[in-house]
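Thanks, everyone, for making the time this morning. I would like to walk through one model, beginning with a pair of facing residues and working outwards from there.

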Amino acid sequence: QVQLVESGGGLVQPGGSLRLSCAASGSIVSMGYMRWYRQAPGKQRELVAWISSRGSTNYADSVKGRFTISRDNANNTVYLRMNSLKPEDTAVYYCNAEAYYRGSWPDYWGQGTQVTVSS
């Protein structure tokens, strides 16, 4: 079993920055893709960014150029650096990650961290 714990959310003014962290712990052999999702009130959960175990990345169009995903494989941690934040970035941000287990790659979710962008 793998646990994911997010941190770093909070209240920030428009144009500000935050860095989210997600640390994986438990029975970890190897981590695969790690992703950040977000869900705003009344909206569906959407994929924000992902990063492969080798460092390839991809972003939703709405955050390209403003958000950067990175990972520390030695510590099983993924980060999301968010710059130039906008009110529409307000959401609960969730970490999702794959972990190798007996020939498959089940994925796990964190509990979420609130990001509020408001003046």
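Let me start with Leu20, which stands opposite Leu80 in β8. Before going further I should say that what you see is a predicted model, and everything that follows should be heard with that in mind.

The strands behind that pair of leucines are β3, covering residues 18-26, and β8, covering residues 77-82, and they pair in the antiparallel sense over six bridges. A second partnership between these strands is that of Arg19, whose bridge partner in β8 is Arg81.

Stepping back, these strands belong to an open sheet of four strands, in the order β1-β3-β8-β7, with antiparallel pairing. The edges are formed by β1 (2-7) and β7 (67-72), each of which pairs on one side only. If we ignore direction, neighbouring strands of this sheet are turned by 15 degrees against each other on average.

Now to the edge strand β1, which pairs with β3 in the antiparallel sense, again over six bridges. Here Val2 stands opposite Gly26 in β3, and Gln3 stands opposite Ser25 in β3. Which side chains of β1 are buried, and which are not? Val2, Leu4 and Glu6 point to one face and are buried, whereas Gln3, Val5 and Ser7 point to the other face and are not. That is the pattern one would look for, because in a regular strand the side chains alternate between the two faces of the sheet.

Strand β3 also brings us to the disulfide, and the count for the model comes to one. The bond joins Cys22 to Cys95, with an S to S distance of 2.1 Å, and with -80 degrees about the S-S bond the link is left-handed. This pair links distant parts of the chain, since Cys22 sits in strand β3 and Cys95 in strand β9 (residues 91-99), 73 residues apart. Are these cysteines buried or exposed? Cys22 has a relative accessible area of 0% and is therefore buried, and Cys95, also at 0%, is buried as well.

Let me turn to the aromatic residues, where the structure holds three aromatic pairs, and I will describe two of them. In one, the rings of Tyr33 and Trp50 have their centres 5.3 Å apart and their planes at 80 degrees, so the pair is edge-to-face, given that planes over 60 degrees apart count as such. Tyr33 lies in strand β4 (residues 31-39) and Trp50 in strand β5 (residues 46-51), so this pair ties together parts that are 17 residues apart in sequence. Tyr33 is partly exposed, with a relative accessible area of 37%, and Trp50 counts as partly exposed at 23%.

The other pair I want to show is Tyr100 with Trp105, where the ring centres lie 5.3 Å apart and the planes stand at 65 degrees, so this pair is edge-to-face too. Tyr100 is partly exposed at 31% relative accessible area, and Trp105 is partly exposed at 41%.

Finally, I would like to draw your attention to Arg45. The charged end of Arg45 sits over the ring of Tyr94, 3.8 Å from the ring centre, and Arg45 also lies over the face of Trp109, at 4.8 Å from the centre of that ring.

I will stop there and take your questions.

Definitions and conventions. Residues are numbered from 1 along each chain as its sequence is written. This is a predicted model: local features need pLDDT of at least 70, side-chain atom pairs count only at pLDDT 80 or more; totals for chains, interfaces and linings use all residues. Side-chain values use heavy atoms; hydrogens and water are left out. Rings of Phe, Tyr and Trp (its six-membered ring) pair if their centres lie within 6.5 Å; planes under 30 degrees apart count as stacked, over 60 as edge-to-face and the rest as tilted. Helices (H or I, at least four residues) and strands (E, at least two) are DSSP runs, numbered from the N terminus. Buried means under 20% relative accessible area, exposed over 50%, partly exposed in between (1.4 Å probe, protein chains only). A charge sits over a ring if NZ of Lys or CZ of Arg is within 6 Å of the ring centre and within 35 degrees of the ring normal. Two strands pair if DSSP finds at least two bridges between them. Axes are lines fitted to C-alpha atoms, for helices over the stretch in contact, and angles run from 0 to 180 degrees between N-to-C directions. A disulfide is a pair of cysteine sulfur atoms within 2.5 Å.
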